[in-house]
Amino acid sequence: MAVSKDFLESALKRLTEEDRAVKEELADLGFGSDGHVDVTFDEGFADAAQTTSERAKILSLAEGLRQRLDELHAALHRVERGTYGICESCGKPIAPERLEAIPTARLCISCKQKIQN
């Protein structure tokens, strides 16, 4: 196991809390759990161009939140499978400091740097 039981429990709690927070943010933006969007603006809301611009901003923000949700779900599945904290590329443990900073990390620092270069 790459991480201690206490660290794993802490990570699970953190991932679960962030999952809940991201879902709440999506709901606040008008997105249902099924991915359906219900973003409406008041009739008096400026003009069509501004409405389109605001809608695009909301959709962009929601897309980022959905991607974050996917990352969180993948990390939670790794916890369930017992592979959390193991690099998906080289199979070596991911440093706890990296997981502390980026709880959804899939790769160790070395493998991540190889991909970026």
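## A guided tour from aspartate 19

Begin by selecting aspartate 19: leaving aside neighbours within four places in sequence, this residue is in contact with Leu69, Leu72, His73 and Leu76. The model on screen is predicted. Aspartate 19 belongs to helix H1 and is buried, because its relative accessible area of 9% falls under the 20% limit. Now add the side chain of histidine 73, with which the side chain of aspartate 19 makes a polar contact at 2.8 Å.

**The whole chain**

Zoom out and colour by secondary structure. The protein chain has 4 helices and 0 strands, and its pattern along the sequence reads α-α-α-α. Of its 117 residues, 29% count as buried. Among contacts between residues at least 6 apart in sequence, 55% join residues at least 24 apart. A surface display would cover about 7,800 Å² of exposed area, of which carbon and sulfur atoms supply 51%.

**Helix H1**

Next, select residues 5-29, which form helix H1. The 25 residues of H1 should span 36 Å at 1.5 Å a residue, and the end C-alpha atoms are 36 Å apart, so the two values agree. Which residues of H1 are buried? They are Phe7, Leu8, Ala11, Leu15, Asp19, Val22 and Leu26. An α-helix has 3.6 residues a turn, so residues three or four places apart point the same way. After H1 comes glycine 30, with a positive phi near 100 degrees.

**The nonpolar core**

Keep leucine 15 selected and show its surroundings. Not counting residues up to four places away in sequence, leucine 15 touches Leu72, Ala75, Leu76, Val79, Tyr84, Pro103 and Thr104. Then display the largest nonpolar core, which has 24 residues; Val3, Leu15, Val22, Leu26, Tyr84, Cys87 and Leu99 are those with the most contacts inside it. Helix H1 (5-29) and helix H2 (48-81) are the elements that give two or more residues to this core. H2 gives the most, with 8 residues. In soluble globular proteins, nonpolar side chains tend to be buried together.

**Salt bridges**

Turn now to the charged side chains. The structure holds 8 salt bridges. Select glutamate 100 and arginine 14, whose closest N and O atoms are 3.6 Å apart in a salt bridge. Because glutamate 100 lies in helix H3 (residues 96-101) and arginine 14 in helix H1, this pair ties together parts that are 86 residues apart in sequence. Glutamate 100 is partly exposed at 45% relative accessibility, as is arginine 14 at 33%.

Move along H1 to glutamate 24 and arginine 20, which form a salt bridge with closest N and O atoms 2.9 Å apart. About one helical turn separates these two residues, because they are 4 residues apart in helix H1. Both ends are partly exposed: glutamate 24 has 42% relative accessibility and arginine 20 has 45%.

Finally, select arginine 106 and glutamate 88, a salt bridge whose closest N and O atoms are 3.4 Å apart. Which parts does this pair tie together? Arginine 106 lies in the loop between H3 and helix H4 (109-116) and glutamate 88 in the loop between H2 and H3, so the parts joined are 18 residues apart in sequence. Arginine 106 counts as partly exposed at 37% relative accessibility, and glutamate 88 likewise at 43%. For a last selection, take Glu18, Arg68 and Glu71, which salt bridges with shared partners join into one network.

Conventions. Residues are numbered from 1 along each chain as its sequence is written. This is a predicted model: local features need pLDDT of at least 70, side-chain atom pairs count only at pLDDT 80 or more; totals for chains, interfaces and linings use all residues. Side-chain values use heavy atoms; hydrogens and water are left out. A nonpolar core is a set of buried Ala, Val, Leu, Ile, Met, Phe, Trp, Tyr and Cys residues joined through side-chain atoms within 4.5 Å. Buried means under 20% relative accessible area, exposed over 50%, partly exposed in between (1.4 Å probe, protein chains only). Contact means heavy atoms within 4.5 Å. A polar contact is a pair of N or O atoms within 3.5 Å; within protein, one must be able to donate a hydrogen and the other to accept it, and residues adjacent in sequence count only if both atoms are side-chain atoms. Accessible areas come from the Shrake-Rupley method with a 1.4 Å probe; for residues, only the protein chains shown count as cover. The expected span of a helix is 1.5 Å times one less than its number of residues. A salt bridge is a side-chain nitrogen of Lys or Arg within 4 Å of a carboxyl oxygen of Asp or Glu.
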